[in-house]
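The following exercises concern strand pairing, helix packing and nonpolar cores. Each task is followed by a worked solution.

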Amino acid sequence: MAKSRLRPHSYLHHYDPIRIVPLYIPGTLAAAPGAQLTYRNGPLISAVEVFTIFWGSGWKTAPQAALVGQLNGFFDFILGSALMDQLTEYNVPKYAIKHGRRIGTATITTPAPGASVTDGAIQAMLQKQTAKGKPIPKPTANTLYFVFVPPGVRVVLGGSASCQAFCGYHNAISGKSFYAVMPYPGCSGCIGSLTAFDALTSTSSHELCEAITDPVPGQGWYDDLNGEIGDICAWQTKKIGSYTVQLEWSNKAKRCV
């Protein structure tokens, strides 16, 4: 588990080593004044290649089954959109951020995630599933796995649980295999005023931009007081095409854009 110096969100009671999508709390949408991301000399993801993993039999039944295609369509669109273009201000000599692409998808039912699954279990599943390279490809410097968890499954991260302390997060295995975890938004704190699909695209865009600009949490673009590019603008959204995405912090504009 990646370790870094982090400040918890005000409603978390411990230091969490992973950057998260926080719960929606009305009245807390303003970006932190004076936020400034600085580059910590770690890796970035230059040309992201997203592979979506829908873990659990719940993705094979209605209404979640329809979301599989919709979420894949979201990534197909957003990875070549203006959302990617706005990240280019964080280019560094070794890593130039470009448009990405979705390289595949898989629905995994064995092993089943159970009613509660830890980040460690998610890492173990990824390592086992990617070992052979099929159907889930082995990781590269550009691979980003998005693991979607079905309704009724709680994700536990460092003593915190989804829908109690967070709505999603990203992490790295041994600093080389990058992934994001998207619990199903089954609570008001992870839906806010959105539909379930819009909440998933918003949180996915949050973690997508964070994973590109800070794939090993705290080693890429980071603000010691306010976190990553998405943390500063949590739950502030806009539309790109027909999709709801989260605003991201711009050092250049000095605001969420």
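**Exercise 1.** Which strands does α1 lie across, and at what angle does α1 run to β3?

*Solution.* The model is predicted: local features need pLDDT of at least 70, side-chain atom pairs count only at pLDDT 80 or more, and totals for chains, interfaces and linings use all residues. Residues are numbered from 1 along each chain as its sequence is written, and side-chain values use heavy atoms, without hydrogens and water.

Helices (H or I, at least four residues) and strands (E, at least two) are DSSP runs numbered from the N terminus. Contact means heavy atoms within 4.5 Å; axes are lines fitted to C-alpha atoms, for helices over the stretch in contact, with angles from 0 to 180 degrees between N-to-C directions. α1 lies across β3, β4 and β6, at about 165° to β3. α5 also packs on the sheet, where it touches β1, β3, β6, β9 (166-173) and β10; its direction makes about 150° with that of β6.

**Exercise 2.** Determine the strand order and the edges of the sheet.

*Solution.* Strands pair if DSSP finds at least two bridges between them. The open, mixed sheet has six strands, ordered β1-β9-β10-β6-β3-β4. Its edges are β1 (20-22) and β4 (101-108), each paired on one side only. From one strand to the next, the twist averages 15°. Seven bridges join β3 and β4 in the parallel sense, and Glu49 has Arg101 in β4 as its bridge partner.

**Exercise 3.** Identify the best-connected members of the largest nonpolar core.

*Solution.* Such a core is a set of buried (under 20% relative accessible area, 1.4 Å probe, protein chains only) Ala, Val, Leu, Ile, Met, Phe, Trp, Tyr and Cys residues joined through side-chain atoms within 4.5 Å. Among the 47 residues of the largest core, Val48, Phe146, Phe148, Leu208 and Trp249 touch the most other members. Elements supplying at least two residues each include α1 (64-78), β6 (143-148) and α5 (196-213). A second, separate core has 23 residues, including Met125 and Val147.

Terms used
Buried < 20%, exposed > 50% of the residue type's maximum accessible area, 1.4 Å probe, protein only.
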